[in-house]
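Visitor: I would like a close look at a single part of this model, namely one charged pair and the contact surfaces around it. Could you take me through it in one connected account?

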Amino acid sequence: MENRNDKTAFFGKVTASVTHEMQNVLAIIKENSGLMEDFLLINQTGDLSDIEEKLGKCIKTIKKQAYRGVDLTSGLNGFVHTTDNARMSVNILDLVKKLISITERIFRQKNVNISIIESEKPYSVIIDPLFFQMVSFLCIECLVESFEADGAAAIDIRLSNNQAAIEFLYADSILKYEDYKEKIIHNAQWLKITDLCRQANFKAEISPGGFGILIIFE
Amino acid sequence: MDNINILLIDDESEFVETLAERLELRGYVSKTAGDGESGIGMLANESFDVAILDLMMPGLNGLETLKQIKAIDKTLPVILLTGHGSTRDGMEGMRIGAFDFLMKPLDIDELIGKIKLALNKQSKG
């Protein structure tokens, strides 16, 4: 297991996703400030009607994008700080939500929509948060790669009801149950998932009740 | 300026709509599409002089969209938009047949310059 390479690759993917999205945020702010300049220039000749409305619309868009940028940088900052402690008490569902908020673009590019199913009884476990996030990300990648849908696909993430575990489920697979298991265990990411889980004291299993992967906290 | 029709394809709606408005203030006629599939659909039904295409889009990505655009209209100049650090994709796009590529955030004057160059080249070609 090339742990260092896997960590670097994971950090690379997360930061690339966030910075790409930040570029879009900045591009929208830049275009809207440019549009405001255009309006003001035209207005110097007195040709522009409803300038207040036009400028107001640009300001509203800039404000919205500034908030989007704050969310992205806060998310990235929170992610980076999950490396501060090798083991800590973590609300599993919250941590997954934060990870998805900064990485969903990666999966959206592949037409995959990720939903997190709220739990009635969310719980915390003492784990290495970075390892858990790497495992979660790999589980999603493994499912996306294993099932490669032609159109849009969906992955649900939910806490298990009867044990300390989280499940990553691929919705609406057209594969037979026997075939899907083969697909997952022959995917290159599966080996990484099981290896990381062994190091972090988690256990990875093929979901017994659906097309997915179950991560059990031991 | 004669009506120059520009097709803008980008999944960031607020970016593409603002850019369209800025191009229109400069005398261009712009239409927008929020993904590759819609852009290709518009291209099949309408005539455009230039297409501006974002490389990072969900579903049909920029390079795949470019290939399909070139299959419909080989001569249509396509200017690609890419993020910093993705110049490799921009170069790959040019290999497939894009006229040029620009980095986001854009400079409107630079974009207009590229559009004019693309139109000049096409009129001579």
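Guide: In this predicted model, B:Arg22 and A:Asp38 form a salt bridge in which the closest N and O atoms lie 2.9 Å apart. The pair joins two chains, because B:Arg22 sits in helix α1 of chain B whereas A:Asp38 belongs to helix α1 of chain A. Over all chains, a search of the whole structure finds 21 salt bridges, and six are found across the interface of chain B and chain A.

The surroundings of this pair can be described from the side of chain B. Helix α1 of chain B, which spans residues 13-25, gives the most to the side of chain B that touches chain A, contributing seven residues. Sorted by class, that side of chain B holds nine nonpolar, four polar and eight charged residues. In the interface as a whole, 21 residues of chain B are in contact with 22 residues of chain A, and the two chains bury about 2000 Å² between them, with 50% of that area on carbon and sulfur atoms. B:Arg22 appears again here, since together with B:Glu12 and B:Glu14 this residue supplies 28% of the area that chain B buries against chain A, which is more than any other three residues supply. Beside the salt bridges, the interface of chain B and chain A has 14 residue pairs in polar contact, counted where both residues have a pLDDT of 80 or more.

As for the confidence of the prediction, chain B averages a pLDDT of 93, and 97% of the residues score at least 70. Among the elements of chain B, the highest mean pLDDT, 98, belongs to strand β1 (residues 5-9), and the lowest, 91, to helix α4 (residues 87-96).

B:Glu12 leads back into chain A by way of A:Arg68, a residue of helix α2 of chain A. Leaving aside neighbours within four places in sequence, A:Arg68 is in contact with B:Glu12 and also with A:Glu21, A:Asn24, A:Val25 and A:Ile28. One of these, A:Val25, is 43 residues from A:Arg68 in sequence, while the C-alpha atoms of the two are 7.3 Å apart in space.

A:Glu21, another of the residues that A:Arg68 contacts, also forms a salt bridge with A:Arg108, in which the closest N and O atoms are 3.8 Å apart. The domain assignment of chain A gives domain 1 as 3-81 and domain 2 as 88-217, and across the interface of these two domains there are three salt bridges, together with three residue pairs in polar contact, both residues again at pLDDT 80 or more. On the side of domain 1 that touches domain 2, the elements giving two or more residues are α1 (3-43) and α2 (51-81) of chain A, and the largest share, 12 residues, comes from α1 of chain A. That side of domain 1 divides into seven nonpolar, five polar and four charged residues.

Taken over C-alpha atoms, the centres of domain 1 and domain 2 of chain A are separated by 31 Å. In this interface within chain A, 16 residues of domain 1 are in contact with 15 residues of domain 2, and the area buried between the two domains is about 1400 Å², of which carbon and sulfur atoms give 65%.

How values were computed. Residues are numbered from 1 along each chain as its sequence is written. Chains are lettered from A and ligands numbered from 1 in the order in which they are written. This is a predicted model: local features need pLDDT of at least 70, side-chain atom pairs count only at pLDDT 80 or more; totals for chains, interfaces and linings use all residues. Side-chain values use heavy atoms; hydrogens and water are left out. Domain bounds come from an automatic or database domain assignment. Contact means heavy atoms within 4.5 Å. Buried area is the accessible area (1.4 Å probe) that two parts lose on being put together, summed over both. A salt bridge is a side-chain nitrogen of Lys or Arg within 4 Å of a carboxyl oxygen of Asp or Glu. A polar contact is a pair of N or O atoms within 3.5 Å; within protein, one must be able to donate a hydrogen and the other to accept it, and residues adjacent in sequence count only if both atoms are side-chain atoms. Helices (H or I, at least four residues) and strands (E, at least two) are DSSP runs, numbered from the N terminus. Ala, Val, Leu, Ile, Met, Phe, Trp, Tyr, Cys and Pro count as nonpolar, Asp, Glu, Lys and Arg as charged, and the others, Gly among them, as polar. pLDDT is the predictor's confidence in each residue, from 0 to 100.
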